[in-house]
Amino acid sequence: MLAGAGAVAPARGRHRGGRRPPAAPRQRHHQRHGGQRGEGEAGVAEDGPAFAAAVEQILSSPHSWTHGGQLRLQRVDTGDVDFRVSLTSSMTVRKLCGYTLPFETSCYNGDLGRAVINDARWVRGAVAYGHNTAAYRTYVINHEVGHSFGHGHLQCPKAGALAPVMMQQTLGVSTPGVGACRVNPWPYP
Ligand SMILES: [Zn+2]
């Protein structure tokens, strides 16, 4: 469960199941507005509290990573954290994610423990999601936070199936030789 907005107590989120690889970080998290740091962030579209609230709402869903109760998450505003979620301008994304990614993608930077959400994508979404920007936002948060738990990328398993949340749906939902999946923003749809 996530604590309510404004919670400042250190989190106690722990993964109690056995699915997490040993190298994965402990699982508290901290939502922070990436635009508060660095240069060139003037174009970031959403204000920090609105973004943090959206992230908290998405990660609180029973369809998100806390499904089944094996994992608990708590939003904290100070102190030690296990991962952060930042809304970041495209140019800063390139600094934090590397220059080899396709333009306007998001990433998880394991060294920083930070899910870096591309501001342009947050506003516009992705082709596979059409006009459903809300569903795309849900997808991108769940996907990048999934990396913080050690999950790697998956492909479309079968034509017509729901796309795994760890598929790179920003780039499309088809896998060559398999076919097209349907968009899916949740780890546990
Ligand atoms: Zn990814």
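Helices and strands here are DSSP runs, numbered from the N terminus, with at least four residues for a helix and at least two for a strand. I need that to place one residue: His63 sits in the loop between α1 and β2. I will come back to His63 at the end. One caveat before going on: this is a predicted model.

First, the layout. The protein contains four helices and six strands. Read from the N terminus, the order of elements is β-α-β-α-β-β-α-α-β-β. Of the 189 residues in the protein, 40% are buried. If you take contacts with a separation of 6 or more, 64% of them join residues 24 or more positions apart.

Next, the core. The largest nonpolar core holds 33 residues, and those with the most contacts inside it are Val55, Leu59, Ala115, Ile117, Ile141 and Val145. Two or more core residues come from each of α1 (48-60), β2 (83-88), β3 (107-109), β4 (114-118) and α4 (133-148). As background, nonpolar side chains in soluble globular proteins tend to be buried together.

Now α4. How long should this helix be? Its 16 residues, at 1.5 Å a residue, should span 22 Å, and the end C-alpha atoms are 23 Å apart, which agrees. The helix is mostly covered, with 12 of the 16 residues buried. The buried set is not just nonpolar names: among its members are Arg137, Asn142, His143 and Glu144, along with Tyr136, Ile141 and Val145. The cover over these buried residues includes α1, β2, β3, β4 and α3 (119-124). After α4 comes Gly150, with a positive phi near 90°.

The packing of α1 on α4 is worth a closer look. Their axes come within 10 Å and cross at roughly 75°. That crossing makes α1 roughly perpendicular to α4. On the α1 side the contact uses Ala54, Val55, Ile58 and Leu59; on the α4 side, Arg137, Thr138, Ile141, Asn142 and Val145. By type, the residues of this contact are six nonpolar, two polar and one charged. Val55, Leu59, Ile141 and Val145 were also in the list of residues with the most contacts inside the core.

Back to His63. Is it buried or exposed? In between: His63 has 16 C-beta neighbours inside 10 Å, so it counts as partly exposed. Which residues does His63 touch, leaving out those up to four places away in sequence? They are Trp186, Tyr188 and Pro189. For Tyr188, the C-alpha atom is separated from that of His63 by 4.6 Å, although the two residues are 125 apart along the chain.

Notes
Residues numbered from 1 in each chain as written. Predicted model: local features only at pLDDT ≥ 70, side-chain atom pairs only at ≥ 80, totals over all residues. Core = buried A, V, L, I, M, F, W, Y, C linked by C-beta atoms within 7 Å. Buried ≥ 20, exposed ≤ 12 C-beta atoms within 10 Å, placed from the backbone. Contact = placed C-beta atoms within 7 Å. Expected span 1.5 Å × (residues − 1). Axes fitted to C-alpha atoms, helices over the stretch in contact; angles between N-to-C directions. Parallel < 35°, antiparallel > 145°, perpendicular 65-115°, else oblique. Nonpolar A, V, L, I, M, F, W, Y, C, P; charged D, E, K, R; others polar.
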